[in-house]
Amino acid sequence: MREVAVEDLEFLSKVDVLQGLSVTEVVKLRGCCQAAQGQQDERLCVEGREAREFFLLKEGRVELRYELPRGESSSDQALSAVEPGGSWGWSALVPPHHYTLSGYCTSPVCRFIRLRRDDLWELFDHNHHIGYIFMRNLAGIIGQRFHAVQDELARKQGFDQVHQW
């Protein structure tokens with residue numbers, strides 16, 4: 001892993017969870033960031049495990065999936081997808097701090113930024129405005145995902161009823 005470069009400031013200013021932060025605040029947040037990457041079908045975070053990191057997707061696509069008991073996974077279990085500029089891993093910031101879904105890289109390469117929970121909490125303790133904006137945006141993202149899951153469940157239930165499953 002490497003630290004995030006100065007040219008990544010433009011990317012950070014466009015990330016969903018960072019909208020509304022000033023350039024100065026984004027620069028402060030940059031100190032919490034570590035660049036990383038994954039390969040196609042790689043599991044980047046694991047449902048049920050302790051959530052210590054929050055993620056910002058720079059390039060590629062990540063599916064958020066529930067795990068089947070035997071550990072098999074496919075896009076059939078995807079409840080949501082993250083595109084560049086999006087984020088995942090909110091469980092790192094919300095108790096009980098266990099990932100609720102697994103994140104899988106579904107493109108040839110995924111480039112992303114990891115933010116450690118402890119580093120974020122320390123930053124938020126010293127910069128309340130950054131913490132407020134971050135958590136306000138995060139609440140909106142969680143709400144959007146919740147509605148998307150509701151829509152998907154309603155769609156599947158309707159499909160099952162039409163086909164008498």
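Which helix or strand supplies the largest share of the lining of the largest pocket? In this predicted model, the answer is helix H4, with four residues.

**The pocket**

Let's start with that pocket. Its volume comes out at about 260 Å³, and 15 residues line it. Nearest its centre sit Leu 64, Trp 90, Thr 100, Leu 101 and Arg 145. H4 isn't on its own in supplying at least two lining residues, since strand S6 does that as well.

**The sheet**

One of those central pocket residues, Leu 64, takes us to strand S5, which covers residues 62–65. S5 belongs to an open sheet of four strands, ordered S3-S8-S5-S6, with antiparallel pairing. Strand S3 (43–45) and S6 are the edge strands, each pairing on one side only. From one strand to the next, the twist averages 30°. As a reminder, strands of a sheet pair through backbone hydrogen bonds, either parallel or antiparallel.

S5 has a neighbour on each side. It pairs with S6 (residues 78–82) in the antiparallel sense over four bridges, and with S8 (residues 102–105), again antiparallel, over four bridges. Glu 63 is a handy residue to follow here: its bridge partner in S6 is Ala 81, while in S8 it stands opposite Tyr 104. Next along, Leu 64 stands opposite Ser 80 in S6.

Which way do the S5 side chains go? Val 62 and Leu 64 point one way, Glu 63 and Arg 65 the other way. All four are buried, Glu 63 and Arg 65 included.

**The nonpolar cores**

Now for the greasy parts. The largest nonpolar core has 24 residues, and those with the most contacts inside it are Leu 12, Val 17, Leu 18, Phe 54, Leu 56, Leu 115 and Leu 120. At least two residues each come from helices H1 (8–12), H2 (23–30), H3 (117–126) and H4 (128–162), and from strands S4 (53–59) and S9 (109–116). H4 gives the largest share of this core, five residues. So H4 turns up twice: it also has the largest share of the pocket lining, besides its share of this core.

Apart from that core lies another one, of 16 residues, including Cys 45, Leu 101, Cys 105 and Phe 112. Leu 101 is also among the residues nearest the pocket centre.

Back in the largest core, what does Leu 12 touch, not counting residues up to four places away in sequence? Its contacts are Leu 18, Val 26, Arg 30, Cys 33, Leu 56 and Ile 113.

**Backbone oddities**

A few loop residues deserve a look if you check backbone torsions. Pro 95 and Pro 96 are joined by a cis peptide bond, with omega about 15°. Pro 96 is in the loop between strand S7 (87–88) and S8, and His 97 lies in that loop between S7 and S8 too. His 97 and Asp 41 both show positive phi without being glycine. Asp 41 is found in the loop between strand S2 (33–39) and S3.

| Residue | Phi | Relative accessible area |
|---|---|---|
| Asp 41 | about 70° | 57% |
| His 97 | near 65° | 19% |

Buried or exposed: where does each one fall? Asp 41 is exposed because its 57% relative accessible area is over the 50% cut-off. His 97 counts as buried because 19% is under the 20% cut-off.

Terms used
Residues numbered from 1 in each chain as written. Predicted model: local features only at pLDDT ≥ 70, side-chain atom pairs only at ≥ 80, totals over all residues. Heavy atoms only, no water. Buried < 20%, exposed > 50% of the residue type's maximum accessible area, 1.4 Å probe, protein only. Pairing = 2+ DSSP bridges. Core = buried A, V, L, I, M, F, W, Y, C linked by side-chain atoms within 4.5 Å. Contact = heavy atoms within 4.5 Å. Axes fitted to C-alpha atoms, helices over the stretch in contact; angles between N-to-C directions. 1 Å grid on protein atoms, 1.4 Å probe; cavity = no way out; pocket = protein on both sides within 12 Å on 5 of 7 lines; lining within 4 Å. Points joined across faces, edges and corners; volume = space filled by probe spheres on them.
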